[in-house]
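This report covers side-chain contacts, a metal site and a strand pairing. The sequence and the structure come next.

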Amino acid sequence: MPAHPFPYEIIYSSRKTLAIQITADGKVRVRAPKRIPNSVIERFLTEKEGWVLKHLQKKKADAENGYFRDRAQLSEQERNHYREIARDIFTKKTAYYAQIMSVTYGRITIREQKTRWGSCSIDGNLNFNWRLIFAPEEVLNYIVIHELAHRREMNHSPAFYKIVGEIMPDYKKQQKWLRENGQKLWN
Ligand SMILES: [Zn+2]
């Protein structure tokens with residue numbers, strides 16, 4: 001019995017032909033008709049060896065490149081990278097909208113908090129969640145406008161939303177996006 005340079009499993013069924021698959025987690029699976037001689041499967045595997053090895057290698061490389069990894073499993077280095085991008089984006093957007101809204105602000109801090117997209121302290125320091133950089137641009141703008149509006153109203157009263165609405169009339173659309181899709185920014 002020839003040895004193959006990879007482990008594999010054989011699944012017999014009522015199918016008529018032989019087929020070979022690489023599963024999502026990188027296993028080799030042979031689908032075979034019932035009662036097919038072992039020698040036929042062996043020959044088939046030998047013929048397909050090059051193809052299988054090529055695909056196994058690609059799967060491994062993809063996994064190493066983070067292709068199958070989601071953002072919840074980022075390395076510290078990748079996190080810092082995104083944080084820096086977010087810092088740049090939020091710094092520019094805050095400066096832009098603060099001028100339009102005629103408000104001042106203090107420090108800008110970029111955080112990662114599952115339950116918060118942004119916040120504004122009494123002395124005007126702003127926090128933004130870097131995961132927002134994966135949201136549509138208008139959603140980011142809304143969060144910036146929202147936090148800056150707290151420089152006028154430290155609450156979520158109608159007066160507060162009037163300020164937000166003056167700058168962004170369709171802000172409810174962005175709120176809806178966050179409600180429906182916010183969780184996806186963690187995936
Ligand atoms: Zn608020």
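Which side chain meets that of Arg79 in a salt bridge? The side chain of Glu112 does, at 3.1 Å from N to O. The model is predicted, and every value below is computed from it.

**Salt bridges**

Arg79 sits in helix H2 (residues 76-101) and Glu112 in the loop between S4 and strand S5 (118-120), so this contact ties together parts that are 33 residues apart in sequence. Arg79 counts as buried because its relative accessibility is 14%, under the 20% limit. Glu112, at 26%, is partly exposed.

The structure holds 9 salt bridges; the table gives some of them.

| Salt bridge | N to O distance |
|---|---|
| Arg29 and Glu9 | 2.6 Å |
| Arg79 and Glu112 | 3.1 Å |
| Lys162 and Glu166 | 3.3 Å |

Arg29 belongs to strand S3 (residues 28-33) and Glu9 to strand S1 (residues 8-13), so their salt bridge connects parts 20 residues apart in sequence. Both ends are partly exposed: Arg29 has a relative accessible area of 24%, and Glu9 has 30%. Lys162 and Glu166 are 4 residues apart in helix H4, which means that about one helical turn separates them. Lys162 and Glu166 are both exposed. Salt bridges with shared partners also join Arg79, Glu112 and Arg131 into one network.

Arg131 can be placed relative to Glu180, a residue of helix H5. Their C-alpha atoms are 15 Å apart in space, with the two positions 49 residues apart in sequence. Glu180 is exposed, at 52% relative accessibility.

**Aromatic pairs**

A search of the whole structure finds 9 aromatic pairs. In one of them, Trp130 and Phe134, the ring centres are 6.2 Å apart and the planes stand at 70°, so the pair is edge-to-face. Trp130 is buried at 0% relative accessibility, whereas Phe134 is partly exposed at 27%.

Tyr161 and Tyr171 form a stacked pair, with 5.3 Å from centre to centre and 15° between the planes. This pair links helix H4 (residues 158-167), which holds Tyr161, to helix H5 (residues 171-181), which holds Tyr171; the two residues are 10 apart along the chain. Tyr171 is buried, with a relative accessible area of 11%. Tyr161 and Tyr171 also belong to one aromatic cluster with Tyr142 and Phe160.

Helix H4 also contains Pro158, which is exposed at 72% relative accessibility. The C-alpha atom of Pro158 is 42 Å from that of Ser75, 83 residues away along the chain.

**Zinc site**

Which residues coordinate the zinc ion? His146, His150 and His156 do, each through NE2, at 2.0 Å. Along the chain these donors follow the spacing H-x3-H-x5-H. His150 counts as buried, with 9% relative accessibility.

**Strands S4 and S6**

The side chains of strand S4 (residues 108-111) alternate between two faces. Ile108 and Ile110 point to one face and are buried, while Thr109 and Arg111 point to the other and are not buried. S4 pairs with strand S6 (residues 126-129) in the parallel sense, over 4 bridges. Leu126 in S6 is the bridge partner of Ile108.

Key
Residues numbered from 1 in each chain as written. Predicted model: local features only at pLDDT ≥ 70, side-chain atom pairs only at ≥ 80, totals over all residues. Heavy atoms only, no water. Phe/Tyr/Trp six-rings, centres within 6.5 Å; stacked < 30°, edge-to-face > 60°. Buried < 20%, exposed > 50% of the residue type's maximum accessible area, 1.4 Å probe, protein only. Donors = N, O, S within 2.8 Å, 3.2 Å for Na, K, Ca; no water. Pairing = 2+ DSSP bridges. Salt bridge = Lys/Arg side-chain N within 4 Å of Asp/Glu carboxyl O.
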